[in-house]
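Thanks for coming. I will take the salt bridges, then a strand, then the nonpolar cores.

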Amino acid sequence: MSDNNNSHSETEADIAICGAGPVGLSLAALLVKRGIPAARIALIDAKTVEQARQDPRSLALSYGSSQILQEIGAWPLAATAIHQIHVSRRGHFGRTLIQRDEFQLPALGYVTRYGTLVTALAALPSLSGVQLLRPLQVTASTEHEDNVELQLSDGRALHTRLLVQAEGGLFGAQGAKALQRDYQQVGIVAHVQASAPIAQRAFERFTDQGPLALLPQDDGHGNNYALVWCVRPDTASNLLALDDTAFLQALMQAFGGRLGRFTKTTARNSFPLGLNARPASSARIVAIGNAAQTLHPVAGQGLNLGLRDATVLARMLAAELSSATLLQFAAARQADRSVTIHLTDVMARIFASAPDGAWSQTLLGLSLGLVDVIKPARRLLAQQMMFGRR
């Protein structure tokens, strides 16, 4: 990508993308692949490429997302394949086991590092001519009848026919959209080692405070699992204050002994959890990915939904680069977005809404057992998680 940080006082583009994360970079690559000239695309991001590469977060990629990345040349990359997903309810009967063999696929999904993915995307030859405007921030934007004018932090103005918002940020720092819910949960993330890991099996365990996910990740860093543990804010404060030994003991108590003992953890980070979706419509501005819908991390659907957004938007803009296409895009994405939002919202709220011992917990455990026994229900759930609609 070409760096135009100090070239002109004004810049023009057909499509400007705010946010050069995985979704923004993938959209740019998909647009170029479908015939939009790279030089007419601008990517704006507040971080440098090197800062993005150093991001240690883990990402859960569905099998469908790996197909999207393969299409633009960013796959394969360093990732751990998920062959099984074990879903259970702490302390209650009932569980679901989703396996790749049932779908004749090489994997249900993959776990990789954020830095690994953005490095692969940024290095795509197809993006070599894209206008890269970073590290820069958009300080103001004005939508006109025939363009959107952006004021950049270096004093430059960018005029673009269409603007794509692809940088969402964390739930606690976002402006409210039409559909917003604070789950009163905090996500604690870290990488942990277990004494008896089960190769390529991911776990989603529902507790009375929220879901606990362990994703297999053996990427040379000495970690067996990426952990996402969702708890109430007061519990999160207590867990973050523990030393490593006490934290691992608490994790063992919440998860159980399926993986033996937890023996090591990296530094822990945390972030607030909420639902923030259905942004206001505009003639020349569209939001995708986390900028359009911030989801609860249960089932790891946020990035995958964003990549499907990028795929559909690129296909439609390649057919007609106009503001009318943005309205058509919103309609085209409504079903997939609604199903995914509803799925994650229900899982985040209902599984953590009733205390242990309540009659509803028995029904929740029974529902997991039924999903495991009834093949069409299990297949429907798995296909939505792996492919969605695009």
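I call a residue buried under 20% relative accessible area, exposed over 50%, and partly exposed in between, using a 1.4 Å probe and protein chains only. This is a predicted model, so to speak of a local feature I need pLDDT of at least 70, side-chain atom pairs count only at pLDDT 80 or more, and totals for chains, interfaces and linings use all residues. Residues are numbered from 1 along each chain as its sequence is written, and side-chain values use heavy atoms, with hydrogens and water left out.

Salt bridges, then. Side chains of opposite charge can pair when their charged atoms come close. The criterion here is a side-chain nitrogen of Lys or Arg within 4 Å of a carboxyl oxygen of Asp or Glu. The structure holds 15 of them.

I start with helix H8, residues 323–350. Helices are DSSP runs of H or I with at least four residues, strands are runs of E with at least two, and both are numbered from the N terminus. Aspartate 336 and arginine 333 form a salt bridge, 2.8 Å from N to O. Both residues lie in H8, 3 residues apart, about one turn of the helix. Are they buried or exposed? Aspartate 336 is buried at 1% relative accessibility, and arginine 333 is buried as well, also at 1%. Salt bridges with shared partners join this pair with Arg308, Asp309 and Arg337 into one network.

H8 has another aspartate to mention. Aspartate 345 meets arginine 181 in a salt bridge of 3.0 Å, N to O. Arginine 181 sits in strand S13, residues 179–194, so this pair ties together parts that are 164 residues apart in sequence. Aspartate 345 is buried, at 6%, while arginine 181 is partly exposed, at 29%.

One more pair: aspartate 55 with arginine 57, where the closest N and O atoms are 2.9 Å apart. Aspartate 55 is in the loop between helix H2 (49–53) and strand S4 (58–62). Its relative accessible area of 13% makes it buried; arginine 57, at 43%, is partly exposed. Leaving aside residues up to four places away in sequence, aspartate 55 touches Lys47, Tyr114 and Gly115, a contact being heavy atoms within 4.5 Å.

Now the strand. S13 also pairs with S16: 7 bridges join the two, and they run antiparallel. Two strands count as paired if DSSP finds at least two bridges between them. One partnership is alanine 190 with leucine 227 in S16. S16 also pairs with strand S15, residues 211–216, in the antiparallel sense over 5 bridges. There, proline 216 stands opposite tyrosine 225 of S16.

How many residues of S16 are buried? The strand spans residues 225–231, and 7 of its 7 residues are buried. Tyr225, Leu227, Trp229 and Val231 point one way, and Ala226, Val228 and Cys230 the other.

Last, the cores. A nonpolar core is a set of buried Ala, Val, Leu, Ile, Met, Phe, Trp, Tyr and Cys residues joined through side-chain atoms within 4.5 Å. The largest has 79 residues, and those with the most contacts inside it are Ile17, Leu27, Leu31, Ile288 and Leu313. Helix H7, residues 302–319, supplies the largest share of this core, 9 residues. Apart from this core lies another of 21 residues, which include Ile188, Val192, Trp229 and Phe255.

Back to isoleucine 288: beyond four places in sequence, its contacts include Leu27, Leu313, Asp309 and Arg337. Asp309 and Arg337 are also members of the salt-bridge network. I will stop there.
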